[in-house]
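Work through the exercises below with the sequence and the structure in view. Try each task before reading its solution.

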Amino acid sequence: MPFVTIKFLEGRDDSQKKALVEEVTEVVSKNLKAPKENIHVFLEEMSPTDYGVGGVRKSDN
């Protein structure tokens, strides 16, 4: 039972998230030979104020 977590900055629309879940499920199913109904995909959106790279928050760019 594969679990996939994808974290990204907020701002994607529903159609992008739907396509992401569908395509990730396809790839995981193909590569792990897992039934699609057993694959769990978690999308975690983050605010730019809650994520930083190199000591700088994304909201401060």
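**Exercise 1. Which residues are buried in H1?**

Solution. Start with the model itself: it is predicted. Next, find the helix. H1 covers residues 14-32. Now go through its residues with the cut-off in hand: buried means under 20% relative accessible area. In H1, the buried residues are Val 24, Thr 25, Val 28 and Ser 29. They cover an arc of only 130° around the axis, so they sit on the same side of H1. Then turn to the other side of H1. There, Glu 23, Lys 30 and Asn 31 are exposed. Finally, ask what the buried residues meet. They pack against E1 and strand E2, which covers residues 40-46.

**Exercise 2. Check the span of helix H1 against the expected value.**

Solution. Step one: count the residues. Helix H1 has 19 of them. Step two: take 1.5 Å a residue, multiplied by one less than the number of residues. This gives an expected span of 27 Å. Step three: compare with the model. The end C-alpha atoms of H1 are 27 Å apart, which agrees.

**Exercise 3. Give the order of the elements, then decide how spread out the chain is.**

Solution. First, take stock of the elements. The protein chain has 1 helix and 4 strands. From the N terminus on, they run β-α-β-β-β. The radius of gyration of the protein chain is 14 Å. For 61 residues, the globule rule gives 10 Å. The value for the chain is well over that, so the chain is more spread out than a compact globule.

Now add the overall dimensions. Along its principal axes, the C-alpha trace spans about 40 × 25 × 15 Å. Buried residues make up 18% of the 61 residues. The accessible surface comes to about 4,600 Å², and 51% of it belongs to carbon and sulfur atoms. Last, look at contacts between residues at least 6 apart in sequence. Of these, 62% join residues at least 24 apart.

**Exercise 4. Describe the place and the surroundings of Pro 2.**

Solution. Begin with the record. An unreviewed UniProt entry lists Pro 2 under "active site". Then locate the residue: Pro 2 lies in the segment before strand E1, which covers residues 3-9. Is Pro 2 buried or exposed? Its relative accessibility is 16%, so Pro 2 counts as buried. For its contacts, leave out residues up to four places away in sequence. Pro 2 then touches Val 28, Leu 32, Ala 34, Asn 38, Ile 39 and His 40.

The unreviewed UniProt entry also has a domain annotation, "4-oxalocrotonate tautomerase-like", covering residues 2-60. Over residues 2-60, the chain is 32% helix and 31% strand. The end C-alpha atoms of this stretch are 36 Å apart.

**Exercise 5. What do Thr 25 and Ser 29 touch beyond their neighbours in sequence?**

Solution. Take Thr 25 first. Its place is in helix H1. At 11% relative accessibility, Thr 25 counts as buried. Beyond four places in sequence, Thr 25 touches Lys 36, Ile 39 and Val 41. Now take Ser 29, also found in helix H1. Its relative accessibility is 15%, so Ser 29 counts as buried. With neighbours within four places set aside, Ser 29 is in contact with Ala 34, Lys 36 and Ile 39.

Compare the two lists: Ile 39 is named for Thr 25 and for Ser 29. One distance completes the picture. Thr 25 and Val 56 are 31 residues apart along the chain, and their C-alpha atoms are separated by 33 Å.

**Exercise 6. Where is Lys 33, and what is its phi?**

Solution. Lys 33 is in the loop between H1 and E2. Its position is just after H1. Its phi is near 55°, a positive value in a residue other than glycine. As background, most residues other than glycine have a negative phi. Lys 33 has a relative accessible area of 70%, so it is exposed.

**Exercise 7. Place Asp 60 and classify its exposure.**

Solution. Asp 60 is found in the segment after strand E4, which covers residues 56-57. Its relative accessibility is 48%, so Asp 60 counts as partly exposed. Asp 60 and Pro 48 are 12 residues apart in sequence. In space, they are 8.3 Å apart, C-alpha to C-alpha.

Notes
Residues numbered from 1 in each chain as written. Predicted model: local features only at pLDDT ≥ 70, side-chain atom pairs only at ≥ 80, totals over all residues. Heavy atoms only, no water. UniProt positions renumbered as here; feature names shortened; annotations may be inferred. Helix = DSSP H or I, 4+ residues; strand = E, 2+ residues; numbered from the N terminus. Buried < 20%, exposed > 50% of the residue type's maximum accessible area, 1.4 Å probe, protein only. Contact = heavy atoms within 4.5 Å. Arc of directions from axis to C-beta. Rg over C-alpha atoms; globule rule 2.2 N^0.38 Å. Areas by Shrake-Rupley, 256 points an atom, 1.4 Å probe, with all protein chains shown as cover.
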